[in-house]
Amino acid sequence: MSGIIRIAAAVIRDMEGRVLLVRKRGTAAFMQPGGKIDPGESAEAALRRELREELGVEVAPDGLALLGEVSAPAANEPDMTVVAVLYRAVITGSPAACAEIAELRWVRPDEPDTVLLAPLTRDHVLPACR
């Protein structure tokens, strides 16, 4: 791996315990909502911005809880590693595919899914949600 992409990502669950995943336009893998942290931006601010832009939702007051930092091979950029600051997020509003998001999917972390998952989601997030 030759480069690092720093992102902020959300673990959003519904009342049934499913986890919200997104697929960006022009890509095949489903992943956590979120995105790159801009220079000078905090991970929390980046996540709030990305959720607003990508899903059209806001984070509820006191709706973010830091889960930690994990890394995995990038799903869509060869030879890159994603380093993600993960948050559990409680949102207000109904998520919809906005900006560069092509598709949303709610998945059960304890059941195999038929979709391609980004390494970060497959290896770290869903196992931790089981």
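The following paragraphs describe the sheet, the helices, the cores and selected residues of a predicted model.

The sheet is open and consists of four strands in the order 3-1-5-4, with mixed pairing. Strand 3 (34-36) and strand 4 occupy its edges; each has a single partner strand, so one side of each is left without a neighbour in the sheet. On average, and with direction ignored, neighbouring strands of this sheet are turned by 20 degrees against each other. Strands of a sheet pair through backbone hydrogen bonds, in either a parallel or an antiparallel manner. Strand 1 and strand 3 run antiparallel and are joined by three bridges. Within strand 3, Lys36 is the bridge partner of Ile7.

Two helices pack on this sheet. Helix 1 (residues 43-55) touches strand 1, strand 3, strand 4 and strand 5, and its direction makes about 120 degrees with that of strand 3. Helix 2 touches strand 1, strand 4 and strand 5 of the sheet, and its direction makes about 120 degrees with that of strand 4. In helix 2 (residues 119-129), the buried residues are Pro119, Leu120, Thr121, Val125, Leu126 and Cys129. These buried residues pack against strand 1 (3-11), strand 2 (19-24), strand 4 (58-73), strand 5 (80-92) and strand 6 (101-107).

The largest nonpolar core contains 21 residues, of which Ile12, Leu47, Leu51 and Leu55 touch the most other members. At least two residues of this core come from each of strand 1, strand 2, helix 1, strand 4 and strand 5. The greatest contribution is that of helix 1, which gives five residues. When neighbours within four places in sequence are left aside, the contacts of Leu55 are Ile12, Leu20, Val22, Pro33, Glu50, Ser94, Pro95, Ala96, Cys98 and Leu104. A second core, separate from this one, has 19 residues, including Ala72, Val82, Leu117 and Leu120.

Two buried strand residues were examined individually. Ala10, in strand 1, is buried at 0% relative accessibility. Residues up to four places away in sequence not counted, Ala10 touches Gln32, Pro33, Leu47, Leu51, Tyr87 and Ala89. Ala10 and Leu47 are separated by 37 residues in sequence, while their C-alpha atoms are 7.3 Å apart in space. Lys24 belongs to strand 2 and has a relative accessible area of 18%, so this lysine counts as buried, the cut-off being under 20%. Beyond residues up to four places away in sequence, Lys24 touches Met31, Gly34, Glu54, Glu100, Ile101 and Ala102.

Backbone geometry was also considered. Asp62 is not a glycine, although its phi is positive, at about 55 degrees. Asp62 lies in strand 4 and is exposed, with a relative accessibility of 83%. Ala99 likewise has a positive phi, near 45 degrees, in a residue other than glycine. Ala99 is placed in the loop between strand 5 and strand 6, where its relative accessible area of 40% makes it partly exposed.

Ring interactions complete the description. A search of the whole structure returned zero aromatic pairs. Arg105, however, lies over the face of Phe30, at 5.2 Å from the ring centre.

Terms used. Residues numbered from 1 in each chain as written. Predicted model: local features only at pLDDT ≥ 70, side-chain atom pairs only at ≥ 80, totals over all residues. Heavy atoms only, no water. Phe/Tyr/Trp six-rings, centres within 6.5 Å; stacked < 30°, edge-to-face > 60°. Lys NZ or Arg CZ within 6 Å of the ring centre and 35° of its normal. Buried < 20%, exposed > 50% of the residue type's maximum accessible area, 1.4 Å probe, protein only. Contact = heavy atoms within 4.5 Å. Pairing = 2+ DSSP bridges. Axes fitted to C-alpha atoms, helices over the stretch in contact; angles between N-to-C directions. Core = buried A, V, L, I, M, F, W, Y, C linked by side-chain atoms within 4.5 Å.
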